[in-house]
Amino acid sequence: MEIRVEHVYKAYDGKAVLKDVNMVFKDGGIYCLMGPSGLGKTTLLRILMGLEPADCGCVLADGRPVLWQPAMSAYGMGRCRRDDRKSITIGAVFQEDRLCPWLDAIHNVAMVPMAVQGAETQKKADRLRRREQKALRVEYAKALLSRILPQESLSKPVRELSGGMCRRVAIARAVASDSQLLIMDEPFTGLDAATKQTVVDFILQERRQRLTIIVTHQEEDARALGASVVLLRQSAND
């Protein structure tokens with residue numbers, strides 16, 4: 001799936017955050033969105049996820065406007081039929097972990113719709129009853145988390161885990177999701193160098209060739225991921 005951002009503009013209280021932003025994220029690629037703080041990187045991610053409407057401009061998925069864009073006439077697409085628009089699914093890591101604090105790490109991951117790894121395993125999951133499907137999701141979540149968290153932390157409520165551990169749970173939840181696109185906003189916050197490398201390897205192994213867009217301030221993160229760097233620059237008119 002290819003994502004195109006075309007002429008996106010966004011302002012809050014009359015102050016422009018994004019001005020005429022144009023970007024292309026190609027199918028299967030890994031991209032690191034970089035730039036100084038305050039230039040709207042998180043805002044752009046929120047627009048990509050449908051959590052914020054752009055004031056003008058549009059987001060296209062495989063050449064079709066994404067389904068969540070409201071008031072299509074504002075984008076010059078007033079005659080665009082609903083059937084012509086494309087709905088996409090997203091696995092996301094926000095700046096905040098957004099976990100359920102009373103649930104353990106395993107069930108925070110298992111709660112999302114997920115594609116259980118392996119075609120035969122997925123076929124089996126599709127045939128199972130709901131209770132059996134949940135058990136399979138729990139098993140898969142545990143297997144994923146065991147690769148990036150200490151074993152003794154998996155069954156603890158996440159409110160008892162450190163910030164770095166919670167960050168890893170949020171990352172595992174995103175990559176486990178049955179989604180077409182991965183979006184991560186500063187996913188490596190709070191991780192030491194060794195843990196970060198483990199998590200980078202985990203993302204690369206589990207992203208299943210999905211288009212992946214990551215906000216980071218560190219060029220070393222882009223190198224470790226083998227990512228293309230996309231710079232969000234300040235407008236020359238500012």
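This section describes two sheets, the helices that pack on them or on each other, and one pocket of a predicted model.

The strands of a sheet pair through backbone hydrogen bonds, in either a parallel or an antiparallel manner. In the predicted model, an open sheet of 5 strands shows parallel pairing, and its strands follow the order β6-β7-β8-β3-β9. The edges of this sheet are formed by β6 and β9, the latter spanning residues 228-231, and each of these two strands pairs on one side only. From one strand to the next, the twist averages 20 degrees.

At one end of this order, β6 (residues 90-93) is joined to β7 (residues 181-185) by 4 bridges, and the two strands run parallel. Within this pairing, Gly91 is found opposite Leu182 of β7. Helix α5 packs on the sheet, where it touches both β6 and β7. The direction of α5 makes about 170 degrees with that of β6; because angles over 145 degrees count as roughly antiparallel, the helix and this strand fall in that class.

Helix α5 (residues 163-176) also packs against helix α6, which comprises residues 193-206. The axes of the two helices lie 10 Å apart and enclose an angle of about 10 degrees. Since angles under 35 degrees count as roughly parallel, α5 and α6 are therefore roughly parallel to each other. On the α5 side, the contact is made by Arg168, Ile171, Ala172 and Val175, while α6 contributes Thr195, Val199, Phe202, Ile203 and Glu206. By residue class, this contact divides into 6 nonpolar, 1 polar and 2 charged residues.

Both β6 and α5 also take part in the second largest pocket, each supplying at least two residues of its lining. This pocket has a volume of about 190 Å³. Its lining consists of 13 residues, and those nearest the pocket centre are Ile90, Gly91, Ala92, Val112 and Ser177. Strand β6 gives the most to the lining, with 3 residues. The lining comprises 6 nonpolar, 4 polar and 3 charged residues. Gly91 thus appears in two settings, as a residue that stands opposite Leu182 in β7 and as one of the residues nearest the centre of the pocket.

A further open sheet contains 4 strands with antiparallel pairing, in the order β2-β1-β4-β5. Strands β2 (residues 15-25) and β5 (residues 64-65) stand at its edges and have a single partner strand each, so one side of each is left without a neighbour in the sheet. Strand β5 is joined to β4 (residues 56-61) by 2 bridges, and these strands run antiparallel. In this pairing, Arg64 of β5 is the bridge partner of Ala61. Helix α1, formed by residues 41-48, lies across β1 (residues 3-12), β2 and β4, and runs at about 120 degrees to β1.

Notes. Residues numbered from 1 in each chain as written. Predicted model: local features only at pLDDT ≥ 70, side-chain atom pairs only at ≥ 80, totals over all residues. Heavy atoms only, no water. 1 Å grid on protein atoms, 1.4 Å probe; cavity = no way out; pocket = protein on both sides within 12 Å on 5 of 7 lines; lining within 4 Å. Points joined across faces, edges and corners; volume = space filled by probe spheres on them. Nonpolar A, V, L, I, M, F, W, Y, C, P; charged D, E, K, R; others polar. Pairing = 2+ DSSP bridges. Axes fitted to C-alpha atoms, helices over the stretch in contact; angles between N-to-C directions. Contact = heavy atoms within 4.5 Å. Parallel < 35°, antiparallel > 145°, perpendicular 65-115°, else oblique.
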